[in-house]
Amino acid sequence: MKKIILLIVVLISTNSVAQSKYEQGMAKAFELWGQQKTSEACQLFERITKAEPEEWLPPYYVATLEILGSFGIKDEATLNSKLKKAQEFLDIAKSLSPNNPEIIINQALLNTAYIAFDGQKYGMTLSGKNAALYSEALKIAPENPRVVLGKAEWDMGSARFFNQSIEPYCKDVEKSIELFNKEELPKFYPMYGKERAQQVLKQCKKS
Amino acid sequence: MKPLFTLLVFISTIYSFSQHSISGKVIDSKGNPIEGANVYLEGTYDGTSSDKNGDFSFTSSEKNMQTLVVSFVSYETFMKTDNIENFKSISVKLKEDVNTLDAVVINAGTFDAGEKARAVALKPLDIVTTASALGDVIGAFQTLPGTSANDEDGRLFVRGGDAEETQIFIDGIRVFNPFMPTGNNIPTRGRFSPFLFKGMSFSTGGYSSEYGQALSSVLALNTIDQPTQEKTDIQLMTVGVGVGNTQIWGKNSFSINTSYINLAPYQYAFPDRNEWSKPYEGASGEMVYRYQPNEDGLLKLYGAFNYTNFDVLQDNINFDNGFQFDLQNTNLYFNGSYKQRLGNGWKVSGGVGYTNETSDINLQNDNVDNAENSAHFKIKAQKRFSSRLKLNFGAEYFITDFNEDFTQSSTSDTFNFTFDNNIFGAFTEADIFFSKKLATKVGVRLENNEFSNELTVSPRLSLAYKAGKYDQFSVAYGEFYQNPRNEYLKFAENLTSEKATHYIANYQYTKDRQQFRIEGYYKKYDNLVKYDDVTASPLANFSNTGDGHAKGIDLFWRDGKNIKSLDYWVSYSYLDTERDYKNYPTKATPNFASKHNLSVVGKYWVDSWKTQLGLSYRFATGRSYTNPNTTGFLNQKTKNYNSVSINAAYLISQQKILYFSVNNVLATQNVFGYNYKNTPDSNGVFERQALRPNADQFFFIGFFWSISDDNKSNQLDNL
């Protein structure tokens, strides 16, 4: 009996060690990110991806960091290499967590990085895809503030292009802020966006 | 209890003392240190980044056999499995990834369009926004170097080859009759709509062994894998109407496009040189069904139906009352393909193409009825051994069954001409990257023609070397065989394949949104078909004794960078060609070839108007013709060709576009050649008539409206 208890204790503690290893790793990666050491953070997320083949968050963050880092790059080969890597990791995340709205909107962000680089070359096919991705994400998660905000911003972009009013989308931004306030998320879950929503809302009020 | 406790403590002590240190240096193939590489033990949290000297060191409590991984963007990932104790001061040499955008590209002779391609000459939008192209895929490629301006024909004439020497493939399957039928001197258009395709590759020579039956050029079009959204498209045009719809459900999608074109109102408003008793009328429908059974497989079924009819009386110097041409044509095309990735680097694909075409033609009072049934079966496999070595191989079979009845009105005699032409082809090709800078493609193609029972072997070779970050050199060599055209095969049974040999050298500079390329080539023709009558007829004797050559230089410059909102390209081709074929008495420059060809295309986006303005200009030196009033054959030259076209696309809202274009806005009177009277007049002079386009100018106004769930998409890609 005693032996069994001991065994259980040992098992649990090993398990909790493994758990905390993941948590430690993730926390460390976020700390690096916070210190602007993005490439180190990205590499750590990459290692965690390989060590924890069941978790979708590490590959999601590898992709996120690569996508964010690709905006503003002037050399197409570098851009392409970074976004190819981002796509690879986003695909890993997708296979671990299908129909995940966070991953879907990240895919739209990845496409946006291509469009921002060369609208003529990538705009025609990718902007249609993005519109579809945002609709899909909204269908799955109408209450996810990042999805609501992402779709509103995308719609505003095209409305601005055609000199149309962005007014109808401002309501969505307001709604996203309400949702952000209500939101309670598991640890390490993507939670960005509230500040962005407030910025966008300011533009709404200006116009 | 106690011993166990002791044991646990003991183990954990060992555990804490058995830290291994792992260290080394990361360098590239030249020995330069790589900073920022990710170095770690696979499946663990233990790792670090290399510093600016490429050095790394970290500790790990793992034991025994471990895999050390070193990865860095745009390099191949390094992996080594060994006992952890051996990972000390190891030197890691990372090989450059050859699949990056800045790696060498094997592209002598080829222009790529589409976003996947590495060196893009045309972007997807260019097909539909080039002023002179009028939304025709072929029209857009005619602005690239290597092509000749042949406005009376509309097909692709590449590097001194005639239009029959270019083959068009959709998803690897041949399109047997890719062009709409038209009357004399009326340019044709491709049958397919440009928005079906995601990528296009136009090769003006030296192409892969996957493609055969083309002496000069191959245009390979790849259809879109999956549409992104459901929508309905409506098109209202001065020449007709069109409707399209796309549906997506689960792993399936279905798109249909139909159009009806009637030129009667247009010809009433802008009469041309001909008398149309039945103006051009065409109805067409295209549909694509796609099914994706799994992540790695894709089935595409494409079907198109096309009906054309017109009756025209054209001025002809040899016919006092004009020459009547009355045509009814139906074309049915089916193309089905399936591709599947199998894992372990294997990819297989297969496809079937089938065409049924019937024409009922009245020439004056003579009647020609013909029917062609053609099919193409193809299977292809690809094995990727590594990112540096890929092997492609496959086999295909072409069937052509042609039947024609000719009824002569004067005698009421009916003649029947038929032929079967089946070809078996097999090909293999290896893509080898020696490094990021040097790559080669080596292939060979075998073909067996049933009608002549001849076996041809065509070697193909290309080599590319990247000399600097932005420039590269490439060369290509290849032998190409093609069956004689249907018009000869129906009369002659003794013919064998015609042959061309290409030698190409190319230099290319690409930086940001600028591209410059210069390409020199020499093409030798052998076994061209000759006959000894005025036209190819059943009475003529046919032989394969013709030959010829074409040599020249093609220049291309595209710049979308230097002037804001302006994107433009310039193509220039110099062509020196002579051939002895058909019924030529001697070697001469054929009528379709111009020595100098220049194309300038510009697009300017006016943001405040939400309008794209486009302009294209084409210049070509005179074309050869024979003047029976002087001696010599094809030794006279027409005047130079000039044409300026403009267009504008105005985005009314996200979904509504107004499009406007004028071809040959300056109404330049272009001449393609002369038609001489068969008999001289009383002074012994042969009178002549200039061969001119049907109408000097063409106007087009269209309104395009898309209706989709999200109110976002438009038909910019439809124009």
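## Chain B at a glance

Chain B holds 5 helices and 39 strands. The model is predicted. Along the principal axes, the C-alpha atoms of chain B fill a box of roughly 125 × 55 × 45 Å.

Chain B has 719 residues, and 40% of them count as buried. Take the contacts in chain B between residues at least 6 apart in sequence. Of these, 60% join residues at least 24 apart.

## A four-stranded sheet in chain B

One open sheet in chain B has 4 strands. Their order is E3-E2-E5-E6, and the pairing is antiparallel. Strands of a sheet pair through backbone hydrogen bonds.

Which strands form the edges of this sheet? They are E3 and strand E6 (78–83) of chain B, and each pairs on one side only. On average, neighbouring strands of the sheet are turned by 15 degrees against each other, direction ignored.

Look now at one pair inside the sheet. E2(B) and strand E5 (residues 65–71) of chain B run antiparallel and share 4 bridges. B:Val39 stands opposite B:Val70, a residue of E5(B).

## Where chain A meets chain B

How many residues does each chain bring to the contact? Chain B gives 33 residues, and chain A gives 29 residues. On the chain B side, four elements give two or more residues each: strand E2 (38–41), strand E3 (47–49), helix H2 (124–129) and strand E35 (641–653) of chain B. The chain B residues that touch chain A divide into 9 nonpolar, 13 polar and 11 charged.

E2 and E3 of chain B therefore have two roles: they belong to the open sheet, and they give residues to the side that touches chain A, where a contact means C-beta atoms within 7 Å. Helix H2 (residues 38–51) of chain A lies across both of these strands. This helix runs at about 150 degrees to E3(B).

## Two domains in chain A

The domain assignment splits chain A into domain 1 (23–122) and domain 2 (142–207). How far apart are the C-alpha centres of domain 1 and domain 2 of chain A? They lie 22 Å apart.

The two domains of chain A touch: 6 residues of domain 1 are in contact with 6 residues of domain 2. Helix H5 (residues 101–117) of chain A gives the most to the domain 1 side, with 4 residues. The residues on that side of domain 1 of chain A divide into 5 nonpolar, no polar and 1 charged.

Conventions
Residues are numbered from 1 along each chain as its sequence is written. Chains are lettered from A and ligands numbered from 1 in the order in which they are written. This is a predicted model: local features need pLDDT of at least 70, side-chain atom pairs count only at pLDDT 80 or more; totals for chains, interfaces and linings use all residues. A residue is buried if 20 or more other C-beta atoms lie within 10 Å of its own, exposed if 12 or fewer, and partly exposed in between; C-beta atoms are placed from the backbone. Ala, Val, Leu, Ile, Met, Phe, Trp, Tyr, Cys and Pro count as nonpolar, Asp, Glu, Lys and Arg as charged, and the others, Gly among them, as polar. Two strands pair if DSSP finds at least two bridges between them. Axes are lines fitted to C-alpha atoms, for helices over the stretch in contact, and angles run from 0 to 180 degrees between N-to-C directions. Domain bounds come from an automatic or database domain assignment.
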